[in-house]
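Let's take a walk through this protein together, one helix contact at a time. Keep the viewer open and follow along as the pieces come up.

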Amino acid sequence: MLHPSYNELIEKVNDSVEVGEEPIVNSRYSIVIAAAKRARQLISGDEALCDGGNSDKPLSEAVEELFEGKVHIIGEEDIDEEEIKDI
């Protein structure tokens, strides 16, 4: 079983959203995509932001980072064009 659950993870990611604002994550699909992207970054050599946790698997690390708020999800519309060129 996945811990935290999808619902717990979605709630945690959306904690910072003010009442009446659009949630950061609307579906399980969105949270899965975000975790998969972070896992690929870890596989590519990015440093993990958590203290190792219970697993050395990249996807487990990615989920833990999202749950602890160490990684933030932003939409493409929130990225400045100049920032994209720098990446």
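## How the helices meet

Helices α1 and α2 are roughly perpendicular to each other. Their packing angle is about 80 degrees, with the axes 10 Å apart, and an angle from 65 to 115 degrees counts as roughly perpendicular. Please bear in mind that this is a predicted model.

To find these two on screen, look for α1 at residues 6-13 and α2 at residues 28-43. On the α1 side, the contact is made by Y6, L9, I10 and V13, which meet R28, I31 and V32 of α2. By class, this contact has six nonpolar residues, no polar ones and one charged residue.

Stepping back for a moment, the protein has four helices and zero strands. Along the sequence, that reads as the pattern α-α-α-α. Of its 87 residues, 23% count as buried. Among contacts with a separation of 6 or more, 33% are between residues 24 or more positions apart.

Here are the three helix pairs side by side.

| Helix pair | Packing angle | Axes apart |
|---|---|---|
| α1 and α2 | about 80 degrees | 10 Å |
| α2 and α3 | about 120 degrees | 8 Å |
| α1 and α3 | about 45 degrees | 8 Å |

## Helix α3 and its partners

Helix α3 covers residues 58-68. The angle of about 120 degrees between α2 and α3 makes them oblique to each other, and α2 passes α3 in a right-handed crossing. From α2, the residues in this contact are A34, A35, A36, R38, A39, L42 and I43, while α3 brings P58, L59, E61, A62, V63, E65 and L66. The residues of this contact divide into 11 nonpolar, no polar and three charged.

Turning to the other pair, α1 and α3 pack at about 45 degrees. That makes α1 oblique to α3 as well. Here E8, L9, K12 and V13 of α1 meet V63, L66 and F67 of α3. Five nonpolar residues, no polar ones and two charged ones make up this contact.

Which residues of α3 are buried? They are E61, A62, V63, E65 and L66, and these buried residues pack against α1 and α2. Just after the helix comes G69, which has a positive phi near 80 degrees.

## The nonpolar core

In soluble globular proteins, nonpolar side chains tend to be buried together. In this model, the largest nonpolar core has 10 residues: L9, I10, V13, V25, I31, A34, A35, V63, L66 and V71. The elements giving two or more residues to this core are α1, α2 and α3.

L66 is a good residue to click on here. Setting aside neighbours within four places in sequence, L66 is in contact with L9, V13, A34, A35, V71 and I73. Core members in that list of contacts include L9 and V71.

## The loop between α2 and α3

Two residues in this loop are worth a look: D46 and L49. Is D46 buried, partly exposed or exposed? D46 is partly exposed, because its relative accessible area is 39%, and partly exposed covers the range between 20% and 50%. Apart from neighbours within four places in sequence, D46 is in contact with R38 and Q41.

L49 is also partly exposed, with a relative accessible area of 40%. Not counting residues up to four places away in sequence, L49 touches R38, E65, K70 and V71. L49 and V71 are 22 residues apart in sequence, and their C-alpha atoms are 8.1 Å apart in space.

R38 links several parts of this tour: the residue belongs to the α2 side of the contact with α3, and it is touched by both D46 and L49. E65 likewise appears in the contact of α2 with α3, is one of the buried residues of α3, and is touched by L49. V71, which L49 also touches, is a member of the largest nonpolar core.

Terms used
Residues are numbered from 1 along each chain as its sequence is written. This is a predicted model: local features need pLDDT of at least 70, side-chain atom pairs count only at pLDDT 80 or more; totals for chains, interfaces and linings use all residues. Side-chain values use heavy atoms; hydrogens and water are left out. Axes are lines fitted to C-alpha atoms, for helices over the stretch in contact, and angles run from 0 to 180 degrees between N-to-C directions. Angles under 35 degrees count as roughly parallel, over 145 as roughly antiparallel, 65 to 115 as roughly perpendicular and the rest as oblique. Contact means heavy atoms within 4.5 Å. Ala, Val, Leu, Ile, Met, Phe, Trp, Tyr, Cys and Pro count as nonpolar, Asp, Glu, Lys and Arg as charged, and the others, Gly among them, as polar. A crossing is left-handed if the near helix is turned anticlockwise from the far one by less than a right angle, and right-handed if clockwise. A nonpolar core is a set of buried Ala, Val, Leu, Ile, Met, Phe, Trp, Tyr and Cys residues joined through side-chain atoms within 4.5 Å. Buried means under 20% relative accessible area, exposed over 50%, partly exposed in between (1.4 Å probe, protein chains only).
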